[in-house]
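Here is a short briefing to read alongside the model. Keep the structure open and follow the residues as they come up.

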Amino acid sequence: MNSKALLLGLFTVVIWGSTFAANSVALQGGFSAGHLILFRFVTASIIFAIIACIPSMKIRLPKKEDFWKIMFLGWIGISGYHICATFGQLTISAGTAGMLIGSGPIFTTIFAMIVLKERLGKIGWVGLGFGFVGICLIALGSGDTSFGIAPGVFLTVLAAIATSIFFVYQKPFFKKYSAIELTAYCTWAGTIPFLVFAPGLLTTIQTATSEATMTAIYIGIFPTAIAYLTWAMALSLANASSISTTLYLEPVIAIIVAWIWLSELPSSLALIGGLVAISGVIIVNFFGKKERIVHSTKEIKTIQ
């Protein structure tokens, strides 16, 4: 993997890993899930609008034939992901949410097989099996009672699927657009559906605790604007499945940050599930890949 892409990926994952605890702080401090999503993406959209006004950045308008494709990409990868992830976190802990989102590379691998024609060996299929067993254990350990499944689990898994689709389908656009252009387009597109949460936002900002407001600002600037940009830059330098291997660190960071910031830890069963899921991701991405299938006359590339 390109070393620059690796560093960008690791930086992004560290920032994203802090998001789950930050979400909990904002949600517990007076923000509703809808208002938190809208606030963070309005903040990020403003940042990208300012960047777009800088002549040296040379941010172009998307081509007509790509307009609706980019819009749908933003609605799935931004709108769909964040609605599912944020509302899901209302009933599960930050660490549990991080572990479920950390299973995302499993779905990224599946979509990469379908869309990018990547191929798994026998070990890779074993890794996928481990990953899904891990997800089931996390889900079973998420409820208030033994072997209960919190409703937020299903939403968070949907979020992991949405972001996997986003990562895979985003890749071809880097042949036409820079990382900052594509990130800005998707951020603006993804923010539009969040406007449905606009009523009452100003009241929420006025009544929320200062810690919750500052945390929401942090989420809008770092995990949203900066981290999505650095992730897009990483994806532009490496293939989707390779760079997604860095995501297995996200749940570890999420658990550590939640423990330090919130004194919160997932249940033992959820932790075991997280370990199994991460093991599955590692098996798939480091030992399970075969050569990429190419149906044209292009050279076959090996996926590391």
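Asp-66 is buried in this predicted model, with a relative accessible area of 2%. Its side chain meets that of Lys-176 in a salt bridge, at 3.3 Å from N to O. Asp-66 belongs to helix α4 and Lys-176 to the loop between α8 (152-170) and α9, so this pair ties together parts that lie 110 residues apart in sequence.

**Salt bridges**

- How many salt bridges does the structure hold? There are two, and the pair of Asp-66 and Lys-176 is one of them.
- Side chains of opposite charge can pair when their charged atoms come close.
- Lys-176 counts as partly exposed, because its relative accessibility of 36% falls between the 20% limit for buried and the 50% limit for exposed.
- Arg-60 and Glu-181 also meet through their side chains in a salt bridge, with 2.7 Å from N to O.
- Which parts of the protein does the pair of Arg-60 and Glu-181 tie together? Arg-60 sits in the loop between α3 (33-52) and α4 (64-88), and Glu-181 sits in helix α9 (residues 179-191), so the linked parts are 121 residues apart in sequence.
- Is Glu-181 buried or exposed? Glu-181 is buried, at a relative accessible area of 1%, while Arg-60 is partly exposed at 43%.

**Around Phe-173**

- Phe-173 is in the loop between α8 and α9, the loop that also carries Lys-176.
- With a relative accessibility of 10%, Phe-173 counts as buried, because that value is under the 20% cut-off.
- Which residues does Phe-173 touch, leaving out those up to four places away in sequence? They are Asp-66, Lys-69, Ile-70, Leu-73 and Leu-182. Asp-66, then, takes part both in this set of contacts and in the salt bridge with Lys-176.
- Phe-173 and Ile-70 are 103 residues apart along the chain, and their C-alpha atoms are separated by 8.8 Å.

**Around Thr-246**

- Thr-246 is placed in the loop between α12 (240-243) and α13.
- Thr-246 is buried, and its relative accessible area is 4%.
- Not counting neighbours within four places in sequence, Thr-246 contacts Leu-6, Gly-9, Leu-10, Val-13 and Trp-231.
- For one of these contacts, Leu-6, the C-alpha atom is separated from that of Thr-246 by 7.6 Å, although the two residues are 240 residues apart along the chain.

**Helix packing: α3 and α11**

- At what angle do α3 and helix α11 (residues 210-237) pack? The angle is about 55°, and the axes are 8 Å apart.
- That angle makes α3 oblique to α11, because it is neither under 35 degrees nor in the range of 65 to 115 degrees, nor over 145.
- The crossing of α3 past α11 is right-handed.
- On the α3 side, the contact is made by Leu-36, Phe-39, Arg-40, Phe-41, Thr-43, Ala-44, Ile-47 and Phe-48.
- On the α11 side, the residues are Thr-213, Ala-216, Ile-217, Ile-219, Gly-220, Ile-221, Pro-223, Thr-224 and Ala-225.
- Sorted by class, this contact has 12 nonpolar, four polar and one charged residues.

**Positive phi angles**

- Lys-58 is not a glycine, yet its phi is positive, at about 55°.
- Lys-58 is found in the loop between α3 and α4, and so is Arg-60 of the salt bridge with Glu-181.
- Is Lys-58 buried or exposed? Lys-58 counts as exposed, with 65% relative accessibility.
- Ser-263 has a positive phi of about 55° as well, again without being a glycine.
- Ser-263 is in the loop between α13 (250-262) and α14 (268-287), and at 65% relative accessibility Ser-263 counts as exposed.

**The protein as a whole**

- How many helices and strands does the protein have? It has 14 helices and zero strands.
- Of the 304 residues of the protein, 55% count as buried.
- Among contacts with a separation of 6 or more, 86% come from residues 24 or more positions apart.

Key: Residues are numbered from 1 along each chain as its sequence is written. This is a predicted model: local features need pLDDT of at least 70, side-chain atom pairs count only at pLDDT 80 or more; totals for chains, interfaces and linings use all residues. Side-chain values use heavy atoms; hydrogens and water are left out. A salt bridge is a side-chain nitrogen of Lys or Arg within 4 Å of a carboxyl oxygen of Asp or Glu. Helices (H or I, at least four residues) and strands (E, at least two) are DSSP runs, numbered from the N terminus. Buried means under 20% relative accessible area, exposed over 50%, partly exposed in between (1.4 Å probe, protein chains only). Axes are lines fitted to C-alpha atoms, for helices over the stretch in contact, and angles run from 0 to 180 degrees between N-to-C directions. A crossing is left-handed if the near helix is turned anticlockwise from the far one by less than a right angle, and right-handed if clockwise. Contact means heavy atoms within 4.5 Å. Ala, Val, Leu, Ile, Met, Phe, Trp, Tyr, Cys and Pro count as nonpolar, Asp, Glu, Lys and Arg as charged, and the others, Gly among them, as polar.
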